[in-house]
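Look at the structure below and keep the sequence beside it. The text that follows goes from single residues to the whole chain, and then to the RNA.

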Amino acid sequence: MASAEPISLSDLPSQYDHVAAQEKWYPWWEQRGYFRAEVDDPRPPFTIVIPPPNVTGALHLGHALNNTLQDILCRLKRMQGYNVLWMPGTDHAGIATQAVVERRLLEEAGQSRHDLGRDGLVDRIWDWKAQYEQRILSQLRQLGASCDWQRTRFTLDDQCARAVRETFFQLFADHKIYRGQRLVNWDTFLQTAVSDDEVFHDPVPGHFWHIRYPVIDPQAGEPQSVAIATTRPETLLGDTAVAVHPDPAAELDKVVGELEAKLKAAPEKEQEEISAQLAAVAERRRSLLPQLLQLRAMAVRGVQLELPLTGRTIPLIADPWAKPELGSGCVKITPAHDENDYQVWQRNASIGAINIMHPDGTLNENVPEKYRGLTMKQARAAVVEDLAVGGFYDPETDLEDREIDLAHSDRSKTPIEPYLADQWFVRMGEVGEGPDAPGLAQSAMDAVADGRVKIIPHRYAKGYQDWLGEKRDWPIGRQLWWGHRIPVWRQAARSPAMMQDGKDAELAALRQRRIPQLRKLVQEWAAAGRVSVATCDASGSGRSPLLADEDFSAALICVRSADDQEVLAALQRDGVFKQDEDVLDTWFSSALWPHSTLGWPEETAELKKFYPTSTLITSRDIITLWVARMVLTGLYNLGEVPFPEVYIHPKILDGYGETMSKSKGNGVDPLDVIEKFGADALRFGIAYLTTETQDVRMPVEFVCPHCQETIKQTKKNRVLPRVTCDQCGGAFHTQWAREEADLALPRGAVTSERFELGRNFCNKLWNASRFALMNLAGYQAAPVAADQLLLEDRWLLSRLAAVTGEVTQALAEYRYADAARELYRFAWDDFCSFYVEISKARFAVPARRAVAQRVLAHTLDTLLRLLHPMIPFLTEEVWQLLATVAGARGLGHPEPAAESVCIAPWPQVEPSHIDPQIEQQFSKFQAVIGAVRNIRTENKIPPKKEIYFSVGCDKPTADLLQPMKNYFLFIAGAHLQDAGGTVVSSLRTASKVVAGMAVHVSIDDFFDGEAEKKRLESEQAKLAKYDQSLTGKLGNENFVNRAPAEVVQAQRDKLAETREQLAKIETALAEL
RNA sequence: GGGCGAUUAGCUCAGUUGGCUAGAGCACUAGCUCGACAAGCUAGGGGUCACUGGUUCGAGUCCAGUAUCGCCCA
């Protein structure tokens, strides 16, 4: 037991000290090893892998939510007797982390990554990682997370690296990884490709330029030029064609058909607009179609156009991408810098593609000299000006304003340039034919479709299936330095310049000799499974296993093991082969997380014991990026899904319904909440708010460090470096503070009032516990026989059994809010407001103490266990205190309590305790209490004045109420004089009718006949109305005949009760 | 443009398979410092369940449409 010294109960503070409890119990839990999972533990395993937080920065409230939900399950399962492994770790978050460190480097030292070089930068990032990983893990501990810390992993550590390497090798050997030229989203700031998922679209004001390309040698009657429209005139320098629709008439007919169908279905309001559109298309058909048909004929004939400013000619082609209903009906084609144009190129290979951009976003040697080196923005201005000068465009008439949906990089927030580059891909579709070889995407789709992986709530399965269904290949290369480097080598010295360099002539000759030797070696290694070889091939399908000389020069050699020194040395000797510069997409390593953390590709005991994991708890925005990929790699590497269930939890939004983020300034640091309200309050608040459908809206506020008052956060003040408190006038600094003067001020925490609920609840529990501890003096454990239990005991135990069942069920179904609300209600309303209040009267009588103590100790014990997963610190604190006065607890067979509530068994429902009749009876008692209190308040009778009352009711109810006499006096200051059918209310009596009983309170001096009359009459009116509605319902034959019998009966009972109440009120009125 | 979700008290949210005289916390009003708790206790006020139709004996709940908002995908 942790606390050996006797505690003085009166010394317990009346406010729960969350700081002390957190500092005391977390280290103790760790030291006792409660969170450790052992492979030789015979109990059934329960495994969760943490969604590894990025080492980019500190944890935010979304992480607190995610991890609280995981911890609640882990603690629950631990108490339910499982061998629980919660696998912790962090993610290296390639692009995000490198971007943060590079930005910091630029700000602090004015240096770029090239100043440091690859190794220097990577070292710098490892330093950053060490710092933030520490911080993240410490935050998780403060949250109370019961992870098995000894197993902490990192997506870039050696163990994960082995899994990444092996997976890459297998995929490579399986022809599922290939290198191809694709249009990518190029981030010119970070100089890397980013995936579609790392791109966001933002509307910005822009222009639409109309430009004329002259026709070369037009025949008689043909136009002199072709007009096109573009939002990006600078890309003209990379145009390789202009397209016109191959069948403009049919296309226009199709558009008309669609519009007509829409018109039919549209509401009146929109009809006018659609009619206008129809008219416009008709007009276009009349005026423009002949010309489009002519252009199409010219395209078929192979007409060339002059590409302005370049001296190049480009063909006019026919392609359906040109929309006859839009603009001039013609469109310029820039395959290397536009996704749609790229597609056009795929259909019309002969037009070619011209890449006009350097990786840094400036124009390259493929454009006329005067534009080289300009940024895209500068080039736009120059091109537009030159076009005007050349007469290809008239600024007066050929320019319109237009809003453009511009793609931005999520990481650098700079505009994305579509860019043609060599990239690594994982093939998501099928390779070859046949049912035996479903593609990666299909395998993951099947797993969800056939229920091997259940997504909860189920509606999220649709997005998962749709996304995978596209089977788009996964671009896995990133032009970064921070990450798993792609384990592929190829011949370095392919550039003639290098080979011919005089100094290196000898070396070049050496290489020439070595390559045939290497080729032979590589063949041997490939046969031995140490390397896998492929040739550069955009399609990824045709591979030459022969390694002829000419192929070998283009060979890609994937080396299986990072430890295969022989292979690596041989390849790299004399710089003949060089490793690919790219690193892998972070999600490649995250995708392996459920098995890489358990030691795969080794066949470890951990893997055997804990894979597949039991559940995954994560946020909806990474269902595709992460969940889907874990499923497919799990299936690919182990043939088994990584988890049978995925629970998708809500997101936390701020008071304006916006997602929280540090960059908006509306983020809340869980540590601020923990400091102000306590980890238990944070956790309980989170559980209470985690409902299935709703995202969590959380108004955010600053806390003034001077006076502790809160200042509502607004869109205005959330971006200020300093804020002034409107209560005390003191100033404090925020996350934006950079200036010395601001930083000198104390920092204002950012929290939300929504955690008050949890804090207040914890405090309530703490004080109820104090009450119990004080009244357990002299407690002796002993079995309690059923006939020793009083009505209130049986009521409480019945409620407790019901709550136990409901909480257990709710948590099994991820209904956290239901579980939290059930416990809140039971603990506060049932246990504190009634049972504890009532028991005070019992504790006043020595002879009645013993049984009351045993029921109280047992109930508190059970409640602590039920609450422990949500409120670990408080429950442990009280558990330990309780042990000092009541070491053995339980009604039937008292047993010594577990040394920690962490490992105490989860409560079982005691069926013999469930007694609906007792609950119903007790509610009569509660109703009488309520009526008496209500009459007291309404008649302004002072709280301390004792009053006398009687209850008109049937005999069974009277028998029930009589034994509660003491309690009425004790908790309502009211003497029960009489109960039963013969009760007559005296003069100067106020009456209230509840639950079929008439409660009459004698109120002497305070009696106000008029007021009482009014009150009764208003109540009468209300009841009469209800009577009427019920009578109407029951008079309706359809209702009586068609509604289920029990529903009809319930209405009849209600009517009877209402009539009875009315009668009682009439009696009371008559007696007035 | 497509998909998913939301709209219930001043605020933040519950409301299971339709049976409701629609609940909770905060805020509000009135009273209470009685040995667990003022982060509390007691009582109270406050809602045309976004709107329009439909199905049904019966709709906050199911269906269709409208409006507004949010998220995801193109």
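In this text, two residues are in contact when heavy atoms of theirs lie within 4.5 Å. The model is a predicted one.

With that in mind, begin at Asp398. Leaving aside neighbours within four places in sequence, Asp398 is in contact with Phe208, Trp209, His210, Arg212 and Tyr393. The residue sits in the loop that runs between α10 (376-390) and β13 (399-409). Is Asp398 buried or exposed? Its relative accessible area is 9%, and a residue counts as buried under 20%, so Asp398 is buried. Arg212, one of the residues in contact with Asp398, also meets it through a polar contact: the two side chains are joined at 3.1 Å.

Asp157 can be read in the same steps. Its place is in the loop between β4 (153-154) and α5 (158-173). Asp157 has a relative accessibility of 15% and therefore counts as buried. Which side chain makes a polar contact with the side chain of Asp157? That of Arg153 does, at 2.9 Å. In addition, a polar atom of the Asp157 side chain lies 3.3 Å from the backbone nitrogen of Gln159.

Next comes Arg478, which is found in strand β17 (residues 477-478). Arg478 counts as buried because its relative accessibility is 3%. Not counting residues up to four places away in sequence, Arg478 touches Thr192, Ala193, Val194, Ser195, Glu198, Asp582, Val583, Leu584 and Asp585. With Asp585 there is a polar contact between the side chains, at 3.5 Å. The side chain of Arg478 also reaches the backbone oxygen of Pro475, at 3.3 Å. From C-alpha to C-alpha, Arg478 is 18 Å from Leu171, and the two are 307 residues apart in sequence.

Now take the chain as a whole. Chain A has 1072 residues, of which 52% are buried. It contains 34 helices and 37 strands. Along the principal axes, the C-alpha atoms of chain A fill a box of roughly 115 × 75 × 65 Å. Among contacts in chain A with a separation of 6 or more, 76% are between residues 24 or more positions apart. The accessible surface of chain A is about 47700 Å², and carbon and sulfur atoms account for 50% of it.

One helix shows what being covered looks like. In helix α20 (residues 623-638), 14 of the 16 residues are buried, so the helix is mostly covered. Just after α20 comes Gly639, with a positive phi of about 70°.

The interior is the next topic. In soluble globular proteins, nonpolar side chains tend to be buried together. The largest nonpolar core here has 211 residues, and those touching the most other members are Leu61, Phe168, Tyr816, Phe831, Met870, Phe925 and Phe949. Helix α26 (residues 816-843) gives the largest share of this core, 15 residues. Apart from it lies another core, of 39 residues, among them Trp186, Val244, Leu295 and Ala382. As for Phe949 in the largest core, its contacts beyond four places in sequence include Val928, Val932, Phe968, Ala974 and Leu976.

The last stop is the RNA. How many residues surround RNA strand B? There are 44, and the closest are Gln15, Thr691, Arg697, Arg754 and Arg1042. By type, the residues of this surface divide into 15 nonpolar, 12 polar and 17 charged. At least two residues of the surface come from each of β26 (696-698), α24 (756-775), α26, α29 (916-938), α33 (1037-1042) and α34 (1045-1071). The largest share, nine residues, is supplied by α24. Helix α26 thus appears twice in this account, at the RNA and in the largest core.

On the RNA side, 63% of the atoms of strand B within 4 Å of the protein belong to sugar or phosphate, and the rest belong to bases. Some side chains come to the bases with an N or O atom. For Gln15, such an atom is 2.4 Å from a base nitrogen of RNA strand B. For Arg759, the distance to a base nitrogen is 3.3 Å. For Lys764, an N or O atom of the side chain is 2.8 Å from a base oxygen of RNA strand B.

Notes
Residues are numbered from 1 along each chain as its sequence is written. Chains are lettered from A and ligands numbered from 1 in the order in which they are written. This is a predicted model: local features need pLDDT of at least 70, side-chain atom pairs count only at pLDDT 80 or more; totals for chains, interfaces and linings use all residues. Side-chain values use heavy atoms; hydrogens and water are left out. Helices (H or I, at least four residues) and strands (E, at least two) are DSSP runs, numbered from the N terminus. Buried means under 20% relative accessible area, exposed over 50%, partly exposed in between (1.4 Å probe, protein chains only). A polar contact is a pair of N or O atoms within 3.5 Å; within protein, one must be able to donate a hydrogen and the other to accept it, and residues adjacent in sequence count only if both atoms are side-chain atoms. A nonpolar core is a set of buried Ala, Val, Leu, Ile, Met, Phe, Trp, Tyr and Cys residues joined through side-chain atoms within 4.5 Å. A residue is near a molecule or strand if one of its heavy atoms lies within 4 Å of it. Ala, Val, Leu, Ile, Met, Phe, Trp, Tyr, Cys and Pro count as nonpolar, Asp, Glu, Lys and Arg as charged, and the others, Gly among them, as polar. Accessible areas come from the Shrake-Rupley method with a 1.4 Å probe; for residues, only the protein chains shown count as cover.
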